[in-house]
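Student: I am new to this structure. Can you show me how to read it?
Tutor: Let us take a look together.

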Amino acid sequence: MSNDMDLSGKVALVTGSTSGIGLGILRTLAKKGCAVILTGLGDQASIEELVEEVKSLCEGRVSFVPCDMRSRESVHQMCHEISKLYPDGVDILVNNAGINHVTPIDEYPDEKWDEMISIMLSAPFDLIKYFIPCMKKKRWGRIINIASMMGLISQPGKAVYSTAKSGIIGLSRGVALEGAPFGVTCNAVCPGYVYTAVTEPQVRAFQEKEGILTYEEAKNKFFSRAPTGKAVEIEQICDLVLFLCSSGADSMTGSPIVIDGGFTVQ
Ligand code: NAD
């Protein structure tokens with residue numbers, strides 16, 4: 001499937017594509033011929049470097065559009081900028097930007113709640129609302145929301161993260177129903193633990209809690225809690241996203257798709 005898949009002519013927006021899973025997805029879509037829109041936080045020099053790198057994957061069809069998703073105004077501004085670049089909108093929207101803040105609910109800072117909900121729920125809502133009309137018009141579209149296995153289960157300290165992630169699973173279901181008659185699919189990918197900037201502080205906290213001497217040992221133990229005994233790889237999520245963009249996935253919509261090394265069935 002994925003090896004000969006051609007997405008040339010398509011435009012993809014991947015939020016949170018300056019690092020981790022989002023960057024992997026951006027590179028993967030660029031390699032398959034998509035024009036890609038890079039967005040996310042980061043210093044100017046590293047973003048310029050990324051733009052240059054991704055340019056070489058997709059014959060220069062990469063644009064960086066800045067956006068701080070804590071601000072709704074900034075999200076609307078990004079939509080406006082994208083419309084200037086691509087008046088027909090985007091064909092593939094990957095809502096991936098995210099953060100985590102692990103703290104018990106009785107100590108959870110109100111500002112963090114607002115931030116988590118803005119980035120992981122309000123921004124995807126705004127982007128879907130803005131871009132789905134163009135997808136419906138073209139009678140093809142792919143909306144892929146990067147949720148989490150924490151949208152299906154939870155852990156102490158993660159109530160707010162789980163709220164945002166189960167919210168996006170619900171949003172995906174409703175959007176799927178509205179998009180289905182128009183060839184627009186919408187799914188929620190639910191990864192287990194992947195080693196990125198989001199999990200790095202969790203590994204450190206785990207090391208401290210368990211009194212493990214080295215970071216490497218803590219990392220191995222942290223990820224080996226999945227039945228597969230290891231972390232989910234970014235490339236595996238990229239392959240799944242690519243499959244969701246293929247015609248093989250035309251009938252897959254509204255699903256929370258779990259890719260967690262068996263973590264949630266334990
Ligand atoms: P990451 O920190 O490497 O990437 C997060 C991305 O979101 C970055 O590009 C960052 O710049 C962007 N971002 C953060 N705050 C932003 C803001 N205010 N405005 C705009 N962009 C912002 O982490 P990751 O692990 O690659 O996370 C990607 C997604 O995957 C997140 O939604 C996360 O919840 C989800 N996820 C991660 C894991 C995991 O184990 N790493 C597991 C399940 C789900």
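Tutor: Start with a definition. A salt bridge is a side-chain nitrogen of Lys or Arg within 4 Å of a carboxyl oxygen of Asp or Glu. Keep in mind that this is a predicted model.

Student: How many salt bridges does the rule find across the interface of domain 1 and domain 2?
Tutor: Zero. Domain 1 covers 11-192 + 233-255, and domain 2 covers 194-231. Their centres, taken over C-alpha atoms, are 26 Å apart. Eleven residues from domain 1 and five residues from domain 2 make the contact.

Student: What area do domain 1 and domain 2 bury between them?
Tutor: About 610 Å², with 59% of it on carbon and sulfur atoms. On the domain 1 side, N100, G192 and E233 supply 40% of the area buried against domain 2, more than any other three residues.

Student: Now the helices. How is a packed pair described?
Tutor: Two packed helices are described by the angle between their axes and the distance between the axes. Here, α1 (residues 20-31) and α2 (residues 44-55) pack at about 30 degrees, with axes 10 Å apart. Angles under 35 degrees count as roughly parallel, so α1 is roughly parallel to α2.

Student: Which residues make the contact of α1 and α2?
Tutor: From α1 come L23, L26, R27 and A30; from α2 come L50, E53 and V54. Five are nonpolar, none polar and two charged.

Technical notes: Residues are numbered from 1 along each chain as its sequence is written. This is a predicted model: local features need pLDDT of at least 70, side-chain atom pairs count only at pLDDT 80 or more; totals for chains, interfaces and linings use all residues. Side-chain values use heavy atoms; hydrogens and water are left out. Axes are lines fitted to C-alpha atoms, for helices over the stretch in contact, and angles run from 0 to 180 degrees between N-to-C directions. Helices (H or I, at least four residues) and strands (E, at least two) are DSSP runs, numbered from the N terminus. Angles under 35 degrees count as roughly parallel, over 145 as roughly antiparallel, 65 to 115 as roughly perpendicular and the rest as oblique. Contact means heavy atoms within 4.5 Å. Ala, Val, Leu, Ile, Met, Phe, Trp, Tyr, Cys and Pro count as nonpolar, Asp, Glu, Lys and Arg as charged, and the others, Gly among them, as polar. Domain bounds come from an automatic or database domain assignment. Buried area is the accessible area (1.4 Å probe) that two parts lose on being put together, summed over both.
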